[in-house]
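Work through the following exercises with the sequence and the coordinates open side by side, and try each task before reading its solution.

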Amino acid sequence: MMADRHGKGAISTRRYLAWCAIVSGAVAMFVLTAPAFAQEENVYRQFVGLDSRRLVWFLAQMHLFFGAFVLGVPLFAVIIEVIGWKKKDPKFDKLAYEFTSLLSVAYATTAALGGLLAFALFTLYPTFMGYMAGIFKDVMFMYALLFFGETFALYLYYYGWKLLSSDKPFAPNLQRLFKALGLIVGAFGVAFAFGLIGGEMRVDTRWFILLLYIAPTAVGLLIIKDLKSSHIFIGILLNVFGTAIMQLANSWAGFMMSPVGVDGEGNFVGTVWEAFENILATPIAVHRMLGNMAFGGLVAGSYAAVKFLSAKTMEEKAHYDWMGYISNLVAIAALIPLPFAGYYLGREVYSTSAIMGNNMMGGDFSWTFIIQAMLVGSLFVISNYYLWSGMTRIPGAERYYKFIKYILLALILSFAIWLTPHNLPLSGQEVGEMGGSQFHPMLKYLGLMPAKNAVVNLIILATFFSFLLYRRGNMLEVVSIRDQGRGARITILVVGLAAIALVLQYAVTMLTMDPGSLDLPADRAQYIRMIGYLLVFEAAVGVVAIVLALMDRGKLGQVLYLAVTAFNVAVFLGVWGFVVMEKASPVLRNVAVAQFIQLISCLILVSVIDVFLFKRAKSLGEFQWGRMSNRSQYALLLLTFIITMNMGLMGFIRSGLRGDWHIFGVMRDTSEWAYTPSNFVMTQQVGAAVLLFMIGCAFMFWLGGVASKKEE
Amino acid sequence: MNVVVTRVFPFLLVVLGVYLWIGYSVTQLIGGGKRTSAAVDISPEGGEAIYWGKGRCFTCHSVGGQGSAVRGPNHGQFGEKFPLPMGARAVERAKERAEKEGTKFTAVDYIVESLASPGAYVVKGYKNEMAVVYAPPISLSLKEIKAVTAYMMSLGGDLDMEAIDTAPSEVTQKFYSKIKAAAAAGGGDPGEGAVVFEDNCLDCHTLNGEGGEVGPDLSGISAKGLKFISESILRPAKSLTKGFETYVVIDKEGRQTIGLKTRDEAGEIDITKANGDVVTILKENIKQIKTDETKSVMPDDLAEAMTVKDYQDILSFLMLQKPKPKAEQ
């Protein structure tokens, strides 16, 4: 079954059996461990005298790096394959295959590290793991079974690429069968969405399952008509299995932070399902999934960068330049919603425990968050730099160079504000110089959430603007939208109205919300209503932008909507956030949601206008792929290093938030390692993991290169 | 591969070097690892260890130039806003408190009140948002709270260990009792528990004359003990109160109604179901009526639906529902 036509079957089977043994061993440990309870005295062990916590931390970090790559890459490999399939362009298909080829070794390494991590946890932390296994044993079985599913799907997807490439249609009856199955799954999804099935489920869990498992499976079945589309369906299944595995494992991490169903003595009296869908499980899963996609994109981008730097021919350079560009694009697409997913996760952390929340932004981890802000800000600035560098390969793009300095200014200012802490440790003299206050008279405002929310939105809008300039680099005369037929106009109208509906539904919520629901007196309603009026204004401008686009004034429509959105989210709501903070602080989260919704609406509406604005536009020349500076490739590499370091840092924060609890509020960590390490220890630990991961990546890429040479 | 070895890895090492330098610089600026430690003695030193460790006080407070948190008042002498350190400040605050309440208040009373009931007298300009330190996840014991009080008093005040530990005033003793009761119930927060109770229980249960009558009156429930209360929440069918048995009524058409018998008159009975719906059944239509000791009208999945914190909060709240003296009744 595992053999492929290149004769690599024996190696693959051995690798497959090896990790199966590891996973099975780990599962056996889960099952054989007797459930222990929180009130029992914790047992801790050591391996050759090493610090058990740091050992587990390192192994978990390595497992997560490789796992994130293995889960992230198939997400966009399948999308690229679909683009190639739809466009009938083998270039995209080849690229998707090349991305997938990077997975093979990484997958086995992930499984091996996962097994090692499980062994370390069970042997070094037996009481804690016994307790967790007692609660999650069913989920752990499911986890192992899904691993089998993911393995079959991955190997079938990769090794079956050429075998399943024919576009010869299946017999009509077979096609109908797949369509019928797709419709059944789709109908199940509709019933599931409306709560007719699984009515007791949390809303976030329901939508996660619906959007990431049921909907893609239904669509995958509906498109099957030949071997190639069957191959795409296998790719979809690969993602479904991978995401499900991640969600199951996240439920354990979530439970450790927000346990449910445990009585006062630490005995678990809830159901497995309740433990599984604990408060933080889905927010962590959403954040991690987007992070994985950005991470997978950038690691693949670093592969392209290295290949570009060592390319000997222009043809090779062109290919890897293009691959790097797509990788960066994937990463940006995932990075844009990531701050909002982080905000959602942070909000839920606060909801779970104000102590944990305070510790995150204002306690042990406040400075770690400043380092994180530096890293995330760098990601956006360097991504923009890469896009601007890419404009040098576009004939005619020099027309837009003049905008770059303004975008850079906006990015730097936003970055600086994002970095500004609310307060700093000061000497008595410094406090005296500031009038006896611990806060700087002006800078203190920049350290608060309203300022940070405003600039995050501005950074995203600036990045989007860079992308728009990049897209239109070589385009000259546009074809009238009115001349593009009814399809173009209907698409702009439908997508545009959907974006506006998104804004309006929240406007209605804001205009009808009872202040009492936020524990506010009735006279504070004005602070909520103002947000509603602003959203109505945003929606009205959106309608004007659509009308302008349909009247062939699309550029004006785009500028208008972009400018109004930038003003609303960064200026108006930025200032309003401070007012709200003073007078009605619970409304601050609604301000953030309003900013996010307007931003998303703007991205959708402006993008759809852009697509048709430049459809069939006269070109000033083809993209000159390969004509990129080496500097830009180092920018790609730097992006990969930074996102990897940031992932390690965020893992430190998420895990460290529990303080000296294995399971927050239920099982205390009584080991000698129960303390929060310093930021220097964190950078040492994460730095070592990053270095080893990068060495592993270099080895994987080298192996991938050897395999592809053999294939050629 | 050459490119990787000669150019990419040196580049990576430089980037990692910068990362390490940032981590090192930040640690130099704010200090090293935060070790949680439990107090062993009721002493200022023990309290200091709790303050900067297990108690997580440093998350919101600073002591003079030590620490950088500003969410809560600074406990040291700091700028114009805090001219006195906490021990000396407590004397002033206690005087204000005594004038306002018309009762005697010592500096120790003030500090103990701030720890046991932080919302009682909030410092102007700060929110009432302090965590309950004797509830999870902080879960300070009474001994540890006494140690923190000693530490606070040692910051520029007169340290009177008798007033803190062996011979507390009436006011302090009242707060110590509260902490003990809450700690016995798993360290929940009774204030939060009152909110959880109002949201989830008051529709069916009466408390001090308010609430529904579907379930037993819970005024004075603490007399029944922690185990009984805990069991009643987690496994309600195991500890049914007399008069609140679950009835199963089957009518002549075979329909089954399960609930509490809330009315029984000559020709008909009312059965109140778990969801609060009241079903009136004519006695002539009843085929069979019996009590079911294995079922309770009270939802049996509360423990699953509640967070650990909710459960502990509600337990601590119910443990404070002491029976009233007969004269008062």
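**Exercise 1: two backbone outliers**

A:Lys88 is exposed, with 9 other C-beta atoms within 10 Å. A residue counts as exposed if 12 or fewer other C-beta atoms lie within 10 Å of its own, as buried if 20 or more do, and as partly exposed in between, the C-beta atoms being placed from the backbone. This is a predicted model, in which local features need pLDDT (the predictor's confidence in each residue, from 0 to 100) of at least 70, side-chain atom pairs count only at pLDDT 80 or more, and totals for chains, interfaces and linings use all residues. Residues are numbered from 1 along each chain as its sequence is written, while chains are lettered from A and ligands numbered from 1 in the order in which they are written.

Task: locate A:Lys88 and describe its phi.

Solution: A:Lys88 belongs to the loop between helix H2 (52-87) and helix H3 (90-101) of chain A, where helices are DSSP runs of H or I with at least four residues, strands are runs of E with at least two, and both are numbered from the N terminus. Its phi is near 55°, a positive value in a residue other than glycine. A:Arg616, likewise not a glycine, has a positive phi of about 60°; A:Arg616 is placed in the loop between H22 and helix H23 (630-656) of chain A and is exposed, with 12 other C-beta atoms within 10 Å.

**Exercise 2: a helix pair**

Task: determine how H21(A) and H22(A) are oriented to each other.

Solution: The axes of H21 (residues 554-583) and H22 (residues 588-613) of chain A come within 10 Å and cross at roughly 170°, the axes being lines fitted to C-alpha atoms, for helices over the stretch in contact, with angles from 0 to 180 degrees between N-to-C directions. H21(A) and H22(A) are therefore roughly antiparallel, a term for angles over 145 degrees. The contact of H21(A) with H22(A) has 16 nonpolar, eight polar and two charged residues, where Ala, Val, Leu, Ile, Met, Phe, Trp, Tyr, Cys and Pro count as nonpolar, Asp, Glu, Lys and Arg as charged, and the others, Gly among them, as polar.

**Exercise 3: a sheet in chain B**

Task: which strands of chain B stand at the edges of the sheet?

Solution: The open sheet has five strands in the order S7-S6-S5-S4-S8 (chain B), with antiparallel pairing, two strands being paired if DSSP finds at least two bridges between them. Strands S7 (278-282) and S8 (286-292) of chain B stand at the edges, each with a single partner strand, so one side of each is left without a neighbour in the sheet.

How values were computed: Angles under 35 degrees count as roughly parallel, over 145 as roughly antiparallel, 65 to 115 as roughly perpendicular and the rest as oblique.
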